[in-house]
Amino acid sequence: MARQQGWIAFILALAIASGALLATYGLQLGLDLRGGSQLTLQVMPAGAITKVETEQLEAVKDVLERRINGLGVAESTLQTVGSDQLVLQLPGEQNPGRAAKVLGSTALLEFKAQRPGTEKEMQGLLRLKRQAEAVLAAKRPQPTTTDSGLPAPPPKPKLAPEDLAMSLRSLGLTVPEGSSESDQIELLLAEVNHRIVGLYGPTLLTGKDLTSAGRQQKATGNFWDVTLGFNREGGEKFATLTQSIAGTGRLLGIVLDGRSISEASVGEEFKAAGIAGGAASITGNFTADEARDLEVQLRGGSLPLPVKIVEVRTIGPSLGAENIRTSLLAALSGLALVGVFMVVVYRLPGVVSVLALSLYALFNLAVYSLIPVTLTLPGIAGFILSVGMAVDANVLIFERVKEELRSGNTLIRSIDTGFARAFSSIFDGHITGLISCAALFFLGTGLVKGFAVTLAIGLLLSLFTALTCTRSLLRLLMSYPALRRPTYFVPAAQLPASAL
Amino acid sequence: MLSSPAPVPESSAAAIPVRYMRISRHRRLAWIASAIGCGLSVLGLVLCWLNPAIASPLKPGLDFTGGTQIQVERLCQSACGELSVSDLQKRLNSLSLPAIPGEITPNLSGTSVQVLDGGRSLVLRLPALSADQSTALIEGLTPVTGPLKSTGTSVNTIGPTLGSRLLRGSIISLLVSFAAIAVYISFMYNGVFAFLALLCLAHDVLITCGVFAWLGLLRGIEVDSLFAVSLITVAGYSVTDTVVIYDRIREQRKLLADLPLIDQVDVAVDATLTRSIYTSLTTLLPLMGLLFFGGSSLFWFAVALIVGIAVGSWSSIGLAPTLLPVLSRR
């Protein structure tokens, strides 16, 4: 009796602790339940690296983490998955486009000098580039584009279709059928930038030597510059580089991920010592957002390996909320029916099992908030299956108790034998379940893992509740003589005459 | 094959119920039913594979094929105006999406458009789009659909390699867990028990897949990653359900040691029959709740689980115990 009371006190304490845990920490809901965006990034092997190793994956993760922090999205998580993937979760973010753009690029910044003897070709390309950029800028929905900084801005820049077609042809480009004018201009611009990069010499300075990046609005217009600060070595390299081309008419090229983002001329006055002081700025006519994104990328450093975005999932909060509301309602209504069923079929022990199963559900949720387990739809599936198994354990026990009563045993003896005999089948069933969970957890991917975790927690707790909670509660009730009647367990008709 | 049960010796009469269901008397019927179920499932899977529009045993959803799926909810309080799929198609064809340098802008003419909930929401299936392109596409739809609910939009883009990775991971983990369970059962019982548990498991998974192959053929239902999760759940349930009956058979083999195995099995199945039925019922109840109240996103998941668990209960009563005496004799 004293042992029973000890157990009951222990169970009560656990229940209170679980309630407190849940109230303080709450439950973490997965993106499929609360809404948000999830991006999966695949790290691609490049150059001499044919297989992505753990250190490289971690290095990529570090860079991406710095970029994400720069973006300022609250509560984002970045996790490595498998050997070469990263999963970024942005709760509440409905438009992952910008994050995708900032994260997906390598951000390899290179400074190069124009090769001698290419001035003429460069001029032609630059003219085409300015023209194309102006047309695109005009197409962009921007209320005020007062480009007073440009020498002679046409009121509405236009590229005549035949000129565009000719330019494209001259660059050896074939236009995909049915593409729009802006598509064609983008295509043209990409090729022009590619050709400009071809006119540069080797890379003399990279983003590795950067110590800081910032942005500042131009004195005139709505455009922004991105400012750079170099370390000492970088500052020296930059000075040498600018000195070599100062006053020659050749250009300094700033190349980001193989795309020319800025071409600058270096004045005669820097012929002596180059541009010293370790600072520079990229004048690329950036919009505010573009400047900010570039700054974030440069500050985060370049990625050691390129990444590719292989999956983007976005779920609106109302879809998520609807999911969880309906799933909860479904699970609860089903469980209520299970409770009714247990009470009708098993009478007094049925009532006990309803109480034990309620505790079971509470313990489960408390463990979810303690670990913490992020609840997703597959996780809820695992929970429902584990509830099924917990109920099964109770059914097994009570069926055994009934059998013992029918064969004429006394009530207390029947209960004890019932628990003892049901144990081996409950144990075997739970162990096989746990074996599958272990395999699914260690070998499965995201969704399957979530399922395995909740199922494993459920199975362990169900072993505990079936063997302690149900048992202690039943024993406690049996200490009241008024409740010690076999007919509270089995219909009288099924009992042998001696037991009545 | 059908052997009449041995006469019950006096000595163990007390342990055997006077009247009980002898599953072995109906075993031929049970085997035929399971064989028909498996046959129809294989037929469904093969037909699916031969169907040029599907060309795989189950109709693969976005999770396995890759691409972009956009779901939007229209903002119309009382009644939504009629939406014609052909208007939407026309609108899609006229859209021009922001280009990605160096990549060909996807062609939207092959988009599948599905109108749900009486025109309230739309599901579009497209080739893989970038995040920018999906946003542009959703904005481009509004002239046809009217204003959209900003919180009701879901965009999923999945690279084609991701699905195969998920599939491979699930299959490997399942096979390893089967092997581990087989080792455990052979250790606790014997090899025949383990073989039959796995046979039942294969039977349950096959029939669940078969049902979805037919659903894919007849109703165009696709399988997604949640379906993979439901198969794993069914496998776990099937083994647990079978093991509980094995436990009873093991007990009866000690209690009724002087009877042939076939009688021991019959007594064990009869004794656990109530439990088997109650347990399936109590597991099915929350799933039924999910089916009726769970909303559209979980409907087919619930269907897969209900089919699998019903078949799993059947196989652990009608298949594993009836095959046990047959295989053990050899």
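In this predicted model, 66 residues of chain A are in contact with 66 residues of chain B, contact being counted when C-beta atoms, placed from the backbone, lie within 7 Å. Helix H10 (317-370) is one of the elements involved, and H10(A) gives the most to the side of chain A that touches chain B, with 17 residues. Helices (H or I, at least four residues) and strands (E, at least two) are DSSP runs, numbered from the N terminus.

The residues on that side of chain A fall into three classes, with Ala, Val, Leu, Ile, Met, Phe, Trp, Tyr, Cys and Pro taken as nonpolar, Asp, Glu, Lys and Arg as charged, and the others, Gly among them, as polar:

| Class | Count |
|---|---|
| nonpolar | 35 residues |
| polar | 23 residues |
| charged | 8 residues |

Strands cross between the chains as well: 5 bridges join E12(A) to strand E4 (residues 154-158) of chain B, running antiparallel. Here A:Ile315 stands opposite B:Ser154. Two strands pair if DSSP finds at least two bridges between them.

Now to a sheet within chain A. Its 4 strands form an open, antiparallel sheet in the order E6-E5-E9-E10, with E6 (200-206) and E10 (259-265) as the edge strands. Neighbouring strands are turned by 30° against each other on average, direction ignored. Helix H7 (residues 181-198) packs on this sheet, touching E6, E9 and E10, and its direction makes about 60° with that of E10(A); axes are lines fitted to C-alpha atoms, for helices over the stretch in contact, with angles from 0 to 180 degrees between N-to-C directions.

Residues are numbered from 1 along each chain as its sequence is written, while chains are lettered from A and ligands numbered from 1 in the order in which they are written. Local features need pLDDT of at least 70 and side-chain atom pairs count only at pLDDT 80 or more, whereas totals for chains, interfaces and linings use all residues.

Terms used. Contact = placed C-beta atoms within 7 Å.
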